[in-house]
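Please walk me through this structure in the viewer, one selection at a time. I would like to know what to select and what is there.

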Amino acid sequence: MPVNVFPAFAVPMSEAFHPDSATLNAQLMPLVLALEAQGSAYRNPDPVMHQPAGLFESDFNFFAREEPCVQALRSFVWSSLGEFLRDINPNLAGGTQGLQIATQTWFHVTRNGGYFGYHNHPMASWSGVYCVSDGDPDPNYSNNGCLVFPHPQMAVNTFLDPANALLRWPFSHGNFVLTLKPGQLVFFPSWLGHYVTPFHGPGQRVTVAFNAWFSRGE
């Protein structure tokens with residue numbers, strides 16, 4: 001008799017690619033760098049994570065800006081998030097009408113040597129990141145500027161033997177590592193821990209990140 005293999009506990013994640021990311025990113029890039037150049041006037045005034053050399057974190061209201069490129073990215077992100085939620089949540093299959101969204105949005109500019117430590121976003125339901133520029137990573141470094149999600153099942157490596165040490169996806173117990181490409185958008189549950197490995201390259205690795213949580217409207 002054949003056996004039925006299935007995942008009992010799965011982490012829902014999603015990705016999308018902007019259909020004209022080259023045009024959009026060419027507009028976002030100078031705006032982000034101009035805001036970064038303002039220094040403390042636009043930097044996150046109260047970071048909860050260590051800010052190493054080579055990393056700039058903005059304040060958390062980026063999508064409130066009125067520039068057309070920001071609003072175009074905002075529309076792409078939230079419409080993609082709505083499609084993701086409709087796919088995985090049976091209560092939203094008919095649409096997300098009536099949901100009120102609250103958000104935080106910010107950007108990171110990472111230069112040579114910059115990184116971001118392990119963390120999660122416990123006061124939101126969904127988080128994500130959009131890649132504006134990969135910064136032209138140096139190919140001599142492995143896992144260069146990667147977005148890494150360590151396996152969330154803490155006991156998964158408790159005992160390893162030849163029967164469980166190497167399992168096929170999605171049952172493997174290693175880290176999930178993403179090398180973001182310009183125009184790539186990734187969603188994940190906000191509770192999921194993650195970090196960004198040190199970036200090495202001549203350019204600027206630019207990403208726009210966001211948290212979202214929802215309530216029912218009256």
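The tour below goes through a predicted model, beginning with the sheet and ending at a single histidine, His121.

**The sheet.** Start with the strands. An open sheet is built from 6 of them, in the order 1-8-5-10-3-2, with antiparallel pairing. To find the edges, select residues 14-17 (strand 1) and 55-57 (strand 2); each of these strands pairs on one side only. Looking across the sheet, the average twist from one strand to the next is 20°.

**One strand pair.** Next select residues 126-134 and 184-189, which are strand 5 and strand 8; 5 bridges join them in the antiparallel sense. For a single example, pick Val129, whose bridge partner in strand 8 is Val186.

**The helices.** Add residues 21-36. This is helix 1, which packs on the sheet and touches strand 2, strand 3 (99-110), strand 5 and strand 10 (205-216). The direction of helix 1 makes about 95° with that of strand 5. Then add residues 68-88, helix 2, lying across strand 1, strand 3, strand 5, strand 8 and strand 10. Helix 2 runs at about 55° to strand 10.

**His121.** Finally, centre on His121, in the loop between strand 4 (116-119) and strand 5. Is His121 buried or exposed? His121 counts as buried because its relative accessibility is 13%, and the cut-off for buried is under 20%. Which residues is His121 in contact with, leaving aside neighbours within four places in sequence? Select Trp106, Ser127, Ser190, Trp191, His194 and Asn211 to display these contacts.

Conventions. Residues numbered from 1 in each chain as written. Predicted model: local features only at pLDDT ≥ 70, side-chain atom pairs only at ≥ 80, totals over all residues. Heavy atoms only, no water. Pairing = 2+ DSSP bridges. Helix = DSSP H or I, 4+ residues; strand = E, 2+ residues; numbered from the N terminus. Axes fitted to C-alpha atoms, helices over the stretch in contact; angles between N-to-C directions. Contact = heavy atoms within 4.5 Å. Buried < 20%, exposed > 50% of the residue type's maximum accessible area, 1.4 Å probe, protein only.
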